[in-house]
Amino acid sequence: MLRAGFDFTLWLVIDLVFLVTAVTALVMALFARDDAYRAADKQTKSFWLIILGITVALNLFVNVLFLSIAGLIASIVFLVDVRPALKQVSGGGRRGGSSSDGPYGPYNGGR
């Protein structure tokens, strides 16, 4: 009895992690610019929206572990490979400068 409750809770947590990862990747793919995908030399925006949309649908309606893991892998590939490339091309994020850098280089306090 106790093990059955533990197993149910464990699978519920795993399914929730898979779903949250897929939804996060889908939302990030949705808000990225279409031309950024081409500039980053990645698959098109519609390709990623279809793949991630299918992943979210599978996680919501079909409870097959193999398909859920395949969707998780697709979501991770987007989050780890495609998203940073899109941010770099789009000019988002920091590029390694310090917090005192201005638009023309580091601010040295008028020295």
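**A walk from helix H1 outwards**

Let's start with what packs over helix H1: the cover on its buried residues includes helix H2 (34-39), H3 and H4. Keep in mind that this is a predicted model. The buried residues in question are Phe18, Leu19, Thr21, Ala22, Ala25 and Ala29. As for H1 itself, it runs over residues 2-31, and its 30 residues should span 44 Å at 1.5 Å a residue; the end C-alpha atoms are 44 Å apart, so the model agrees with that expectation.

Phe18 turns up again when you look for empty space inside. There is one cavity of 30 Å³ or more, and the largest cavity holds about 30 Å³. Its lining is made up of Asp15, Phe18, Leu58, Asn59, Val62, Asn63 and Ser68, with H1 and H3 each supplying at least two of the lining residues.

Now move along to Lys45, which sits in helix H3 (residues 45-61). What does Lys45 touch beyond its neighbours within four places in sequence? The contacts are Ala29, Leu30, Ala32, Asp34 and Tyr37, and Ala29 is one of the buried residues of H1. Lys45 is itself buried, yet it has no salt bridge. The nearest side chain of opposite charge belongs to Asp34, 6.0 Å away, and a salt bridge would need the charged atoms within 4 Å.

Last stop: Gly91, in the loop between helix H4 (65-90) and strand E1 (101-102). Is Gly91 buried or exposed? Neither quite fits: Gly91 counts as partly exposed because its relative accessibility is 37%. Gly91 and Ala36 are 55 residues apart along the chain, and their C-alpha atoms are separated by 10.0 Å.

Conventions:
Residues numbered from 1 in each chain as written. Predicted model: local features only at pLDDT ≥ 70, side-chain atom pairs only at ≥ 80, totals over all residues. Heavy atoms only, no water. Helix = DSSP H or I, 4+ residues; strand = E, 2+ residues; numbered from the N terminus. Buried < 20%, exposed > 50% of the residue type's maximum accessible area, 1.4 Å probe, protein only. Lys, Arg positive; Asp, Glu negative; His and termini not counted. Contact = heavy atoms within 4.5 Å. Expected span 1.5 Å × (residues − 1). 1 Å grid on protein atoms, 1.4 Å probe; cavity = no way out; pocket = protein on both sides within 12 Å on 5 of 7 lines; lining within 4 Å. Points joined across faces, edges and corners; volume = space filled by probe spheres on them.
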